[in-house]
Amino acid sequence: MQAFSFATTAQIQCEVGAARRLGELCRAREAQRVLLVTDPGITKLGLLNEVLPGFAQAGVSIEIFDQVQADPPEAIVLSAVAQAKALNAQLIIGFGGGSSMDVAKLVALLAHPACSQDLAQIYGVGNARGQRLPLVLVPTTAGTGSEVTQISVITTGATSKMGVLSPLLLPDLAVLDAELTLGLPPAVTAATGIDAMVHAIEAYTSILKKNPLSDLLAREALRLLSANIDEAVHNGSNREARQAMLLGSCLAGQAFANAPCGGVHALAYPLGGHLHIPHGLANALMLPHVLGFNASVAAPWYAELAPLVVGERLKNGAVIEQAEQFICALADITQRSGLPTRLRDANVPEDLLPTFARDAMVQQRLLVNNPREMTENHALAIYQAAY
Ligand SMILES: NC(=O)c1ccc[n+]([C@@H]2O[C@H](COP(=O)([O-])OP(=O)(O)OC[C@H]3O[C@@H](n4cnc5c(N)ncnc54)[C@H](O)[C@@H]3O)[C@@H](O)[C@H]2O)c1
Ligand SMILES: [Fe+2]
C-alpha cells in the first residue's frame, strides 16, 4: 500500500440546533471572552439571533466582528485581529461561509498573545509557527468544507489570491447545524453544493495523494450530496436535506484536504479572479468539460463513482460509457438547479478565454493532482467547449 498521511478537525458536532449551544460549547473550553467573525449579510439575516442568548446564559462575553467580505482581502483580516487583541479574546469563532471561516482561522493564529509573525510571513505551506487561540468553525453554506481544511484563502491583489497552509488552521471543533442554512437562496445552495461535489470527485481522482480514507469520505460525500441537492435547492426549508448537505460538504472537505483538488478548480479560479464569478458557479461551469477531457485517463474512477450519482438509471456498459453517464448526470444537476450552464450565459466575454488559459497554468499546485496532464492549449480548448 502507498504510504499516506491524513489530518482533520478534532471534533465534529453534527446536530440540528447545535449552534444555539455555542455559548455552552465555548464555556466547556474555558473561554470567557470570545470574538465571533462573520459577514454583514449573516448579521442582517438575523442568523445570530438564536445563537447569542446562549452566551449570556453560559456567562461567556462575546463580541462580533461582522465586516468580512466575499473573497476576503488582507485589510479585513488585520482589522479582525486588532479587535481580537483589544478584547484579549480567548477563543475565536468563524461563523458563515468559506470567507468568514477563512478569516477566523487567521485571526486565531495572529491574535495569539505569543504570536510574533505577521500575515505576510505565513503565506505558503507550513510557514505558520507556534500556537493559536482555540478555534470553533460554524459553516452556514454547504459548502467549501473550510471547517475541516488546513487552508485559508486571502485576496492579495486585484486578481490574485494567496493561501496560508498549516495544520494549525484546523479548528478544535466544527459545528454542523442545518438551522443556519435553511434560508440560503437556491442559487447559492446550488453553487456551493456543486462545489462540494467537485471536492469529492477531484479528491477521488487526485493522482498524487489519492488514499483509502479520502476515497471513503469522497464516496459517502457524493452519495449524500447528489441525493439531497435537488431537495435543498427547491425546498430549502427541508432540515433533513440541509443537514445531509452540510455533512456531505464536510466529508468532501476532509477528502480534498488530504487528496487535493485538480483541473476543475484550476480552471475555475481565473473566472473568480477576473470576473468575481462565485467559486461554486465557476466550478459548475467547468465541471463537465474538465471531466470530459480527463475521461480518457480517469474513466475507471468516474465509472466507480457513477452509481452514487446516476443511481438506478445507470445502464450497464463499458467503463467509458458509464463515465459518460456520470458526467451527463452531473451536468443535469446544474441544469435542474437553474444555474447558467455555459460561460456565455454567465456573461463571460469570449475574448478573455486565452487569458484564462494562461492564468490557469499558474495553478500548478492544483494541476499536478489532475489525472491527465493539461497544457495551456488543452485549457483553451476546454474553455472554448464550455463557452
Ligand atoms: N479554506 C478552504 O478550504 C476553502 C475552500 C474553498 C473556498 N474557500 C474560500 O471560501 C470563500 C467562498 O465561500 P462561500 O462560497 O461559502 O461564500 P462566502 O462565505 O463568500 O459567502 C457568500 C455570501 O453568502 C451569504 N451567506 C452565507 N451563509 C448564508 C446563509 N445561511 N443564508 C443566507 N446567506 C448566506 C453571505 O452573507 C455572503 O454574502 C472564498 O473566499 C474561497 O476562496 C476556502
Ligand atoms: Fe472548491
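This section describes the ligand shell, the strands, one bent helix and selected single residues of a predicted model.

The shell around ligand 1 consists of 30 residues, and the closest of these are Gly41, Gly97, Gly98, Ser99 and Thr149. By residue class, the shell around ligand 1 contains 19 polar, eight nonpolar and three charged residues. Several elements take part: helix 2 (40-44), helix 5 (98-110), strand 7 (151-155), helix 7 (186-204) and helix 11 (279-310) each provide at least two residues of the shell around ligand 1. Helix 5 gives the largest share of this shell, with four residues. Both domain 1 (11-180) and domain 2 (186-386) contribute, each with at least three residues of the shell around ligand 1.

Helix 11, one of the elements that supply the shell, is not straight. Its end C-alpha atoms are only 25 Å apart, whereas a straight helix of 32 residues would span 46 Å at 1.5 Å a residue. A bend of about 100° is found at Val297, and within four residues of Val297 there follows a proline, Pro300. Of the 32 residues of helix 11, 25 are buried, so the helix is largely enclosed by the rest of the structure. Just after helix 11 comes Gly311, with a positive phi of about 70°.

Strand 2 (residues 33-37) pairs with two strands described here. With strand 3 (residues 61-65) the pairing is parallel and comprises five bridges; within strand 3, Ser61 lies opposite Arg33. With strand 4 (residues 91-96) the pairing of strand 2 is likewise parallel, over four bridges, and Leu35 has Ile92 of strand 4 as its bridge partner. Because four of the five residues of strand 2 are buried, this strand is largely enclosed by the rest of the structure.

Strand 4 also contains Phe95. Phe95 has 28 C-beta neighbours inside 10 Å and therefore counts as buried, the cut-off for a buried residue being 20 or more. Phe95 and Thr140 are separated by 45 residues in sequence, yet their C-alpha atoms are 7.0 Å apart in space.

Strand 9 (residues 173-176) is paired with strand 1 and with strand 6. Strand 1 (residues 11-14) runs parallel to strand 9, and four bridges link the two; Gln11 stands opposite Leu173 of strand 9. Strand 6 (residues 135-139) is also parallel to strand 9 and is joined to it by two bridges, with Leu137 opposite Ala174. In a regular strand the side chains alternate between the two faces of the sheet. In strand 9, Leu173 and Val175 point one way and Ala174 and Leu176 the other way, and all are buried.

A further sheet is open and made of three strands in the order 5-8-7, with mixed pairing. Strand 5 (124-125) and strand 7 are at the edges of this sheet and have a single partner strand each, so one side of each is left without a neighbour in the sheet. The pairing of strand 7 with strand 8 (residues 161-165) is antiparallel and extends over five bridges. In this pair, Ser152 has Val164 of strand 8 as its bridge partner. Strand 7, an edge strand of this sheet, is also among the elements that each supply at least two residues of the shell around ligand 1.

Positive phi values also occur at two residues that are not glycine. Glu30, which is not a glycine, has a positive phi of about 60°. Glu30 is placed in the loop between helix 1 (22-28) and strand 2. With 10 other C-beta atoms within 10 Å, Glu30 is exposed, since the limit for an exposed residue is 12 or fewer. Asp71, likewise not a glycine, has a positive phi of about 50°. Asp71 belongs to the loop between strand 3 and helix 4 (74-87). Asp71 has 16 other C-beta atoms within 10 Å and is therefore partly exposed.

Terms used. Residues numbered from 1 in each chain as written. Chains lettered and ligands numbered in written order. Predicted model: local features only at pLDDT ≥ 70, side-chain atom pairs only at ≥ 80, totals over all residues. Near = placed C-beta within 6 Å. Nonpolar A, V, L, I, M, F, W, Y, C, P; charged D, E, K, R; others polar. Domains from an automatic or database assignment. Pairing = 2+ DSSP bridges. Expected span 1.5 Å × (residues − 1). Bend = angle between axes of the 7 residues up to and from the residue.
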